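Q: Could you walk me through how to read a few features of this structure, beginning with a polar contact?

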Amino acid sequence: MHLLSYDRCSGWFQATCIDLSEADVETLGRVKGCRWFCSKCDDQLTIQESLASNTDKLSLLTTKLETLVEKVPFVESTSSTSKQNIYDDSYKFEIRITGICEDDSKPEFDRQLQDKDKIENLFKDLNCNPLIKDCRRVGKKIPGKSRKLIVTLNSIWDARTIVSKSIQSRLYQSHGVLILPGLSKSDLETERALLRKRYELIQSGIEKSSLKIRNLKLYQDGEQVNL
């Protein structure tokens, strides 16, 4: 009976238990430098070799990535605000609506529900049924005067379609309601500056009806006013 000692785990096994004949055992004994592993140790060696190979590949990829990063020019923004403006396109999902009456007698939550119902009915008149994600009043609250509504829709396409159909159907002439596209942050700042300038001109004695704001520009009797 032949016993074999494994070179890795030092275990001893009978040749017949591991399906080795006497001829196989004699052959192994004659081969110089021959090492013998059990199946468990052999699996562990295979895993270790695979890990070593993957580690080498990962190291190579890391080196290539570091080289690529060094070649990419880095441009630092002058302010955090400019970074935010580059990626903030949420205004494209918005529309601005003026001319919808605001009920001052109801609580804020009830007014919001009422505004949403009015907007949905308005959209039905335009043969549109977009998903309204949010609607809110903006501007200073003045008794007896309705504030502008900012409506956020589910897609940019919905916003563009609503604005286009409101123009085609002459909504302002028929309902007294004006629908305009949303404004970016920079355009909002420009609009605020124009409104301040308009207020200053009115306070100075200029007739209110002669001042018009169109396309983010202020006009007096048809002539553009510089800020």
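A: Happily! A polar contact is a pair of N or O atoms within 3.5 Å; within protein, one must be able to donate a hydrogen and the other to accept it, and residues adjacent in sequence count only if both atoms are side-chain atoms. Here, the side chains of Ser186 and Ser184 make one, at 3.2 Å. This is a predicted model, where local features need pLDDT of at least 70 and side-chain atom pairs pLDDT 80 or more, while totals for chains, interfaces and linings use all residues. Side-chain values use heavy atoms, without hydrogens or water, and residues are numbered from 1 along each chain as its sequence is written.

Q: Is Ser186 buried or exposed, or partly exposed?

A: Buried means under 20% relative accessible area, exposed over 50%, and partly exposed in between (1.4 Å probe, protein chains only). Ser186 has 45% relative accessibility, so it counts as partly exposed. Ser186 lies in helix H7, residues 185-203 (helices are DSSP runs of H or I, at least four residues, and strands are E runs of at least two, numbered from the N terminus).

Q: How many disulfides does a search of the whole structure find?

A: A disulfide is a pair of cysteine sulfur atoms within 2.5 Å. The search finds zero. Cys101 counts as exposed because its relative accessibility is 54%, whereas Cys128, at 11%, counts as buried.

Q: Which residues touch the most other members of the largest nonpolar core?

A: Such a core joins buried Ala, Val, Leu, Ile, Met, Phe, Trp, Tyr and Cys residues through side-chain atoms within 4.5 Å. Among its 19 residues, they are Ile95, Ile97, Ile119, Val151, Leu153, Ile162 and Ile179.
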